[in-house]
Amino acid sequence: MKKLYVNPNVKRGHINPELQGHFSEHLGRCIYEGIYVGEKSSIPNVNGMRTDVVEALKEIKVPVLRWPGGCFADEYHWKDGVGPKEKRKKMINTHWGGVVEDNSFGTHEFMELCRQLGCKTYVNGNLGSGTVQEMSEWVEYMTFHGVSPMADLRKENGHEEPWRVDYFGVGNENWGCGGNMRPEYYGDLYRRYQTYVRNYDPKAPIYKIACGASVDDYHWTDKVLETVFDHGTGFMNGMSLHHYTLCTEDWEHKGSATDFDEAAWYRTLKATLKMETLIKRHGAIMDQYDPDKKIGMVIDEWGTWFDVEPGTNPGFLYQQNTMRDALVAGINLNLFNKHCDRVKMANIAQMVNVLQAVILTEGEKMIKTPTWHVFHMYKAHQDGELVESSIENETIGVEADSMVPKLTESVSMAPDGRLHVTLTNLSVDSSEEIQGIFAQSPVKSVKGTVLTNHFKAHNTFEEPDVVHTREFKEISVDGNKLTFTLPACSVLHLEVEI
């Protein structure tokens, strides 16, 4: 029996809802067909947004949405996506699939989507191929209330009042697809461009995010911060980090999303657990410049990346979603919670039909993936206080170089005083008896929800409910102790009243 220790009296930090953020890029069928079908579509929609998708996303309380990219952001010119749709410029999406982008989904449509979802807005600006003027005018167009050329243009295009831009990314992956820059060069450009991301509404300042590192490029983090902190520290609110979970180290042959063995299962989970090392090591560099942790780490691209489904456009990055993806989600969301003192936002890639999507669509059909169900359980953590917790553990696996801890966990206290415990069991075939011990806190009641199935199980359009949550009742209570058996290959949420 493994012991889970929880001390509700010790708080370790605030869990921002934005740790469960999402990402939507002009990539494949994420936006077009997945989210936006147009006002004239036979698929039920409100102002062009798919009703079924919006309702499913509202169920998981999407807190923030990042758009328009991704690599697409640094070739996106926002004026092409405003005004009458029949007059908007068409372009080839050179990054993703070589298809025609007709710009029918632009700034107004993104803001409408966020309005329907009730979520915050995260706009990624074009530093790679765009000008300072272009970025400055976009911010003016979206947020300026008074008389100005861009505010007047917004009004001409049908939106009298300004919108709120909660987060703004100054470039994306500028070490790669965003310009192949050196960190010192990007740092200087960031200082320049962010100057013109003006806060036109002092009551709603924009949270400015600098382009951070790819995976373990610690040199990039150090040199960007060194450059930005030279002669001033007030330029940056957040710094991004990107880490994708691969089953192999071969980007050309990443492995199937559904046809894999136990060894591949553990290799994948080992790869995603690297996230904690990245958070700690990039965080240590950030601590040198920002010891008070005023700058947030923003992990605005994370998730699994496998080979595309057979027969689909390789540039569309469409992949299925199994219990393996569910465990990847549970592991990462637990890690983000545990490091909420530094990690202030995270955005899974991507929302619909791309990579580790929470929703898949096919024409009028829609399915919720196992990852969606994990987000549905973990939404209880949003706006909670991280509570001190730890769990006894063991190492499991089938290959010497891909051994993993069997269990991960995190615990938060909601504003109403209830505790929310989330646990993952990484074993494909071994359950675990657990005793939860709550320091000086007798348990009044507990209820649970579990997601578990065969490790390759997934939902299809023919069988959309193969993987779904069920009520978890097999819990005994004795004073301040809970005893239960955590199934193999599972993600569990317990709501505990003390």
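**Basis of the description**

A residue is called buried when its relative accessible area is under 20%, exposed when over 50%, and partly exposed in between, using a 1.4 Å probe and protein chains only. By this criterion Asn353 is buried, with a relative accessible area of 1%.

The model is predicted: local features need pLDDT of at least 70, side-chain atom pairs count only at pLDDT 80 or more, and totals for chains, interfaces and linings use all residues. Residues are numbered from 1 along each chain as its sequence is written, and side-chain values use heavy atoms, with hydrogens and water left out. Helices (H or I, at least four residues) and strands (E, at least two) are DSSP runs numbered from the N terminus.

**The disulfide and other cysteines**

The structure contains one disulfide, a term for a pair of cysteine sulfur atoms within 2.5 Å. Its partners are Cys71 and Cys177, whose sulfur atoms are 2.2 Å apart. The torsion about their S-S bond is about -90 degrees, so the disulfide is left-handed. Because Cys71 lies in the loop between strand S5 (64-67) and strand S6 (91-92), and Cys177 in the loop between strand S9 (167-170) and helix H5 (183-195), the pair ties together parts that are 106 residues apart in sequence.

Cys71 is buried at 11% relative accessible area, whereas Cys177 is partly exposed at 29%. Cys30 takes part in no disulfide, and the nearest cysteine sulfur, that of Cys114, is 12 Å away. Cys30 is buried at 0% relative accessibility, and Cys340 is buried at 1%.

**Cis peptide bonds and positive phi values**

Most residues other than glycine have a negative phi, and most peptide bonds are trans. The bond from Gly69 to Gly70 is cis, with omega near 10 degrees. Gly69 is located in the loop between S5 and S6, as is Gly70. Gly69 is buried at 0% relative accessibility. Leaving aside residues up to four places away in sequence, Gly69 touches Phe23, Ser24, Glu25 and Asn124, where contact means heavy atoms within 4.5 Å. The C-alpha atoms of Gly69 and Asn126 are 9.5 Å apart, with their positions 57 residues apart in sequence.

Another cis peptide bond joins Ala349 and Gln350, with omega about -10 degrees. Gln350 is in the loop between strand S13 (343-349) and strand S14 (359-362). Asn353 lies in the loop between S13 and S14 and has a positive phi of about 65 degrees, although it is not a glycine. Asn180, in the loop between S9 and H5, has a positive phi near 50 degrees; Asn180 is exposed, at 64% relative accessibility.

**Helix packing**

Helix H7 (residues 262-289) and helix H8 (residues 323-338) pack at about 15 degrees with their axes 10 Å apart. Axes are lines fitted to C-alpha atoms, for helices over the stretch in contact, and angles run from 0 to 180 degrees between N-to-C directions. H7 and H8 are therefore roughly parallel, the term for angles under 35 degrees. Residues at this interface include Trp265, Leu269 and Ile279 in H7, and Leu327, Ile331 and Phe336 in H8.

Eight of the nine residues of helix H9 (residues 370-378) are buried, so H9 is largely enclosed by the rest of the structure. Among the buried residues are Trp372, His373, Phe375 and Tyr378.

**Annotated domain**

An unreviewed UniProt entry annotates residues 300-490 as "domain: Alpha-L-arabinofuranosidase C-terminal". UniProt positions follow the numbering used here, feature names are shortened, and annotations may be inferred rather than shown by experiment. The span is 13% helix and 39% strand, and its end C-alpha atoms lie 25 Å apart.

How values were computed
Angles under 35 degrees count as roughly parallel, over 145 as roughly antiparallel, 65 to 115 as roughly perpendicular and the rest as oblique.
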